[in-house]
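Q: I'd like a close look at one part of this protein, and then at what surrounds that part. Please keep it informal and spell out the cut-offs as you go.

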Amino acid sequence: MDQLPHFCDVIIITEGYKDCLSIVSNYASKGIYAIGLDQAATKLNKETISFLKNRCKNLFLCLDIDEAGLKASEQLKDNFGLNSILLPKELLEIPNRITGK
């Protein structure tokens, strides 16, 4: 979290580091940053959320769109009042289309 700017428009909490890197590399110039947390649902606490909310105008979750990620998003939304960005479920099919499996 030390690499976040002092204040920005948006921070997105992602579940993986690749997701985080993708967001930062494509959108940091637009004031959109991300942090990646493995098992975000278990690592986020009131202090971390407060710290992040003080560093941005808008704080969002963008967790995996599998059953566990959706459940964690709902839990974090209820516990901390965070909004979620839900990617289309069709994205789950892309690896299957590429590999043919």
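Where is the place of L44?

A: L44 sits in the loop between α2 (40–43) and α3. A word on the ground rules: this is a predicted model, in which local features need pLDDT of at least 70 and side-chain atom pairs count only at pLDDT 80 or more, while totals for chains, interfaces and linings use all residues. Residues are numbered from 1 along each chain as its sequence is written, and side-chain values use heavy atoms, with hydrogens and water left out.

L44 counts as buried because its relative accessibility is 7% (buried means under 20% relative accessible area, exposed over 50%, partly exposed in between, with a 1.4 Å probe and protein chains only). Its C-alpha atom is separated by 9.6 Å from that of I13, and the two residues are 31 apart along the chain.

I13 is a good place to go next. Together with L59, I13 has the most contacts inside the largest nonpolar core, a set of 17 residues (such a core is made of buried Ala, Val, Leu, Ile, Met, Phe, Trp, Tyr and Cys residues joined through side-chain atoms within 4.5 Å). At least two residues of this core come from each of β1, α3 (46–53), β3 (56–62) and α4 (67–80). Another core lies apart from it, with six residues, including I12, C20, I23 and C62.

Now for strand β1, which is where T14 is found. T14 counts as buried, at 0% relative accessibility, and its side chain reaches the backbone oxygen of G16 at 2.9 Å. E15 is in the loop between β1 (8–14) and α1 (17–27). E15 counts as buried too, at 17% relative accessibility, and a polar atom of its side chain lies 3.3 Å from the backbone nitrogen of D64.

β1 also has a part in a salt bridge (a side-chain nitrogen of Lys or Arg within 4 Å of a carboxyl oxygen of Asp or Glu). By that rule the count comes to one: D9 pairs with K57, and the closest N and O atoms are 3.3 Å apart. D9 lies in strand β1 and K57 in strand β3, so the pair ties together parts 48 residues apart in sequence. D9 is partly exposed, with a relative accessible area of 33%, whereas K57 is exposed, at 58%.

C20, met above in the six-residue core, turns up again at the largest pocket. Q3, L4, C20, A34 and I35 lie nearest the centre of this pocket, out of 11 lining residues (a pocket is an open set of points on a 1 Å grid where a 1.4 Å probe fits, with protein on both sides within 12 Å along at least five of seven lines; lining residues have an atom within 4 Å of a point). Its volume is about 210 Å³. α1 and β2 (32–36) each supply at least two lining residues, and β2 gives the most, with four. By class, the lining has nine nonpolar, two polar and no charged residues.

Finally, the whole chain: it has five helices and four strands (DSSP runs of H or I, at least four residues, and of E, at least two). From the N terminus on, they run β-α-β-α-α-β-α-β-α. Of its 101 residues, 35% count as buried, L44 being one of them.

Terms used: Polar contact = N/O pair within 3.5 Å; in protein donor to acceptor, adjacent residues only side chain to side chain. Points joined across faces, edges and corners; volume = space filled by probe spheres on them. Nonpolar A, V, L, I, M, F, W, Y, C, P; charged D, E, K, R; others polar.
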